[in-house]
Amino acid sequence: MANIQRFHVGPRLSEAAVHNGTIYLAGQVPDDTSLDIRGQTAQVLAMVDRLLAEAGSDKSHILMTQIFLRDITDIDAMNEVWDAWIPQGHTPPRATVQAAMAKVAYKIEIVVTAAVATVATT
Amino acid sequence: MANIQRFHVGPRLSEAAVHNGTIYLAGQVPDDTSLDIRGQTAQVLAMVDRLLAEAGSDKSHILMTQIFLRDITDIDAMNEVWDAWIPQGHTPPRATVQAAMAKVAYKIEIVVTAAVATVATT
Amino acid sequence: MANIQRFHVGPRLSEAAVHNGTIYLAGQVPDDTSLDIRGQTAQVLAMVDRLLAEAGSDKSHILMTQIFLRDITDIDAMNEVWDAWIPQGHTPPRATVQAAMAKVAYKIEIVVTAAVATVATT
């Protein structure tokens, strides 16, 4: 058996999987969809922070991030929040495209792949 | 040379690549596009099963999956088929967005990253 | 600290990250958006070549590629350029979907994950 650690394992999906020093997060969407793009982005990034912490990492260890926006013209407002959040010197590769998501009220969904910060002895 | 194993290598793409214990599958699309979303989903998931088996793994070792739906309102019907397929306790991180695909008749495309189940001695 | 090497580190994103023998590239978009789909594709693939070289790899070591087209009907013209570029016997898994990108003038964005070609002694 490969050594896979899963977090928040639900009946349909889990929120994170760790394998071979790499963390894969599920696409994160906002809880409060009444928020504007800035608010939804902040909420999603806070979720990423929490999940990375649980998996033994943090936002300075992101390897790749994919951002889906329901309306690509939200990109500047999203970037304001992103730029204030991402640690300088550790910015990750990123791709941002427009796509509709599971709920119409979702303005953003972020997918993160990261490195485990400290190698645990298994 | 890095040790990369490829499967079903065609002139444009291959269906799977294995490197460092991680399996990357090409986006899987249905063969029979006359099927409805349930039928197309079942067909794509069967393809994922076959490719993971060839690469030395199975659906309990998925690290991340990205699902593209031509029509995001198909998500509930897709989820019915997914929920019956995915092994409980091993559900993977997932992201689902709407996108048009290479052929208009494709209702779904699934991208899977997985762990090799058994570490081969190289 | 996990050993992550980043390339072209800007205030918002970096163009590449290397971790554990795997290279993650940012979504590559064309510089000259006045070009048609063939020209934009060629430009993006040349960018991929340059970044992979910097990160110690090349196009024969691609593990997965995701291609976003603003107009999915450009896929045949894009494939012409792709087919001439990708080395036979080393074609990677690939997924191609339609999506709008950061700028309206972008017709294509390509995301590449690759293996480091030579394992450096760290």
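To compare copies of a chain here, they are superposed by least squares on the C-alpha atoms of residues with pLDDT of at least 70 in both. Two copies of a chain are related by a rotation about an axis and a shift along it. Try that with this structure: chain B can be laid on chain A with an RMSD of 0.0 Å by a turn of 120 degrees and a shift of 0.0 Å along the axis. That is the relation of a three-fold axis. Of chain B's residues, B:A99 comes closest to the rotation axis, with its C-alpha at 3.8 Å.

Before going on, a word about what you're looking at. This is a predicted model, where local features need pLDDT of at least 70 and side-chain atom pairs count only at pLDDT 80 or more, while totals for chains, interfaces and linings use all residues. Residues are numbered from 1 along each chain as its sequence is written, and chains are lettered from A and ligands numbered from 1 in the order in which they are written.

Now step inside chain B. Its open sheet has six strands in the order β1-β2-β3-β6-β4-β5, with mixed pairing (strands are DSSP runs of E, at least two residues, and helices are runs of H or I, at least four, numbered from the N terminus; two strands pair if DSSP finds at least two bridges between them). β1 (5-7) and β5 of chain B sit at the edges with a single partner strand each, so one side of each has no neighbour in the sheet. From one strand to the next, the twist averages 15 degrees.

Let's zoom in on one edge. β1(B) pairs with β2 (residues 16-19) of chain B in the antiparallel sense, over three bridges. Here B:R6 stands opposite B:A17 in β2(B). Helix α1 (residues 37-54) of chain B lies across β1, β2, β3 (22-25) and β6 (108-115) of that chain, at about 25 degrees to β6(B) (axes are lines fitted to C-alpha atoms, for helices over the stretch in contact, and angles run from 0 to 180 degrees between N-to-C directions).

So where do the chains meet? 25 residues of chain B are in contact with 25 residues of chain A, contact being C-beta atoms, placed from the backbone, within 7 Å. On chain B's side, β4 (62-69), α2 (75-85) and β5 (94-98) each supply at least two residues, and β5(B) gives the most, with five. That side divides into 13 nonpolar, 10 polar and two charged residues (Ala, Val, Leu, Ile, Met, Phe, Trp, Tyr, Cys and Pro count as nonpolar, Asp, Glu, Lys and Arg as charged, and the others, Gly among them, as polar).

Methods: Two residues are in contact if their C-beta atoms, placed from the backbone, lie within 7 Å.
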